[in-house]
Amino acid sequence: DAADARAAERLGAIVDAVDRCRKIVGDLLSFARGRPSRRGPVALGDVLRATLDLRAGELEGRGIAWTLDLDPGLPEVSADGHQLQQVFLNILLNAEQALHDAGSTVRVRAAPAPDPLASGLGAGVEVSFWNDGPAIPPEVVPHIFEPFFTTKTEDQGTGLGLAISLRIVREHGGEIGVESGAEGTTFTVRLPLVDAEAFAG
């Protein structure tokens, strides 16, 4: 709100720096402490819609086309909805940054998992986030979920977003992975279905 343009520019730079500090500290606290999950039956479609609504303006403002494809028979999952939204936001932000220099499309799809989860929890739901940005180098892929590992510049992230996402998904008994090549990059999250007995009453 400063009347002087130069002062307003400097104040804006300060606000941007403070926001970066807040994000870094928040990521560090989230990684170090985590948060107890409050799990229950969650409609995955609602969480995905809410997540994309949060980023729709930014995506469209940058000319990134996005789609959400929900299987009509999508079952509920056993999860903490807030934690799942954090996972989906982290993956979506990663896709946005990948599309900074090339590519223009993000596709999100949720459907029943084609085979049982490796965790032994049986049937699940699979959510995939595909973007047509540059491929992740093969030597980077094995490290992408490691804490503090990042190929981004200092002002783009801390390297904790995907590590936090991995921990949350594993704590839910799920799986997360990435595949990348000439046809684009896909992050896939697989989560167990609701355990009817666990939530009875």
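User: Why is Asp-115 called partly exposed?

Analyst: The model is a predicted one, and in it Asp-115 has a relative accessible area of 39%. A residue is buried under 20% and exposed over 50%. The value of 39% lies in between, so Asp-115 is partly exposed.

User: What makes the contact of Arg-190 and Asp-115 a salt bridge?

Analyst: The side chains of the two residues meet at 2.7 Å, N to O. The cut-off requires a side-chain nitrogen of Lys or Arg within 4 Å of a carboxyl oxygen of Asp or Glu. The distance of 2.7 Å satisfies this, so the pair is a salt bridge. The two partners are 75 residues apart in the chain: Arg-190 belongs to strand 7, and Asp-115 to the loop between strand 4 and strand 5.

User: Why is Arg-190 called buried?

Analyst: The relative accessible area of Arg-190 is 11%. Buried means under 20%, so Arg-190 falls in that class.

User: What joins Arg-190 and Glu-175?

Analyst: A salt bridge joins the side chains of Arg-190 and Glu-175, at 3.4 Å from N to O. This value also lies within the limit of 4 Å, so the rule is met. Arg-190 in strand 7 and Glu-175 in strand 6 are 15 residues apart. Both residues are buried. Through shared partners, salt bridges connect Asp-115, Glu-126, Glu-175 and Arg-190 into one network.

User: How many salt bridges does the rule give?

Analyst: The count by this rule comes to 8 salt bridges. One of these salt bridges is formed by Arg-109 and Asp-69, whose closest N and O atoms are 3.1 Å apart. It links strand 4, where Arg-109 lies, with strand 2, where Asp-69 lies, across 40 residues.

User: What are the relative accessible areas of Arg-109 and Asp-69, and what class follows?

Analyst: Arg-109 has a relative accessible area of 41%, and Asp-69 has 38% relative accessibility. Neither value is under 20% or over 50%, so Arg-109 and Asp-69 are both partly exposed.

User: What is the order of the strands in the open sheet?

Analyst: The open sheet consists of 5 strands in the order 2-4-5-7-6, with mixed pairing. Strand 2 (65-70) and strand 6 (175-181) each have a single partner strand, so they stand at the edges with one side lacking a neighbour in the sheet. On average, neighbouring strands are turned by 10 degrees against each other, direction ignored.

User: How do you know that strand 5 and strand 7 pair, and in what sense?

Analyst: There are 8 bridges between strand 5 (residues 124-131) and strand 7 (residues 184-192). Pairing needs at least two bridges, so these strands pair, and the sense is antiparallel. Within this pairing, Glu-126 stands opposite Arg-190, and Val-125 has Leu-191 as its bridge partner. Helix 2 (residues 44-61) packs on the sheet, touching strand 2, strand 4 (105-112), strand 5 and strand 7, and its direction makes about 175 degrees with that of strand 2.

User: What do strand 6 and strand 7 form?

Analyst: They form a hairpin, with 2 residues between the strands. Strand 6 and strand 7 are antiparallel and share 7 bridges, so the minimum of two is met. Gly-181 stands opposite Gly-184, and Val-178 has Phe-187 as its bridge partner.

User: Why is strand 7 described as largely enclosed by the rest of the structure?

Analyst: Of the 9 residues of strand 7, 7 are buried, so the strand is largely enclosed. Helix 3 (residues 81-98) lies across strand 4, strand 5, strand 6 and strand 7, and runs at about 175 degrees to strand 7.

User: At what angle do helix 2 and helix 3 pack, and how far apart are their axes?

Analyst: The angle is about 40 degrees, and the axes are 10 Å apart. The crossing of helix 2 past helix 3 is right-handed. Residues in this contact include Leu-48 and Leu-52 of helix 2, and Phe-88 and Leu-92 of helix 3. The contact residues divide into 12 nonpolar, 3 polar and 3 charged.

User: Which residues of helix 4 are buried?

Analyst: In helix 4 (residues 161-171), the buried residues are Leu-162, Ala-163, Ile-164, Ser-165, Leu-166, Ile-168 and Val-169. Each is therefore under 20% relative accessible area. After helix 4 comes Gly-173, with a positive phi near 75 degrees.

Definitions and conventions. Residues numbered from 1 in each chain as written. Predicted model: local features only at pLDDT ≥ 70, side-chain atom pairs only at ≥ 80, totals over all residues. Heavy atoms only, no water. Helix = DSSP H or I, 4+ residues; strand = E, 2+ residues; numbered from the N terminus. Axes fitted to C-alpha atoms, helices over the stretch in contact; angles between N-to-C directions. Contact = heavy atoms within 4.5 Å. Buried < 20%, exposed > 50% of the residue type's maximum accessible area, 1.4 Å probe, protein only. Left-handed = near helix turned anticlockwise from the far one by under 90°. Nonpolar A, V, L, I, M, F, W, Y, C, P; charged D, E, K, R; others polar.
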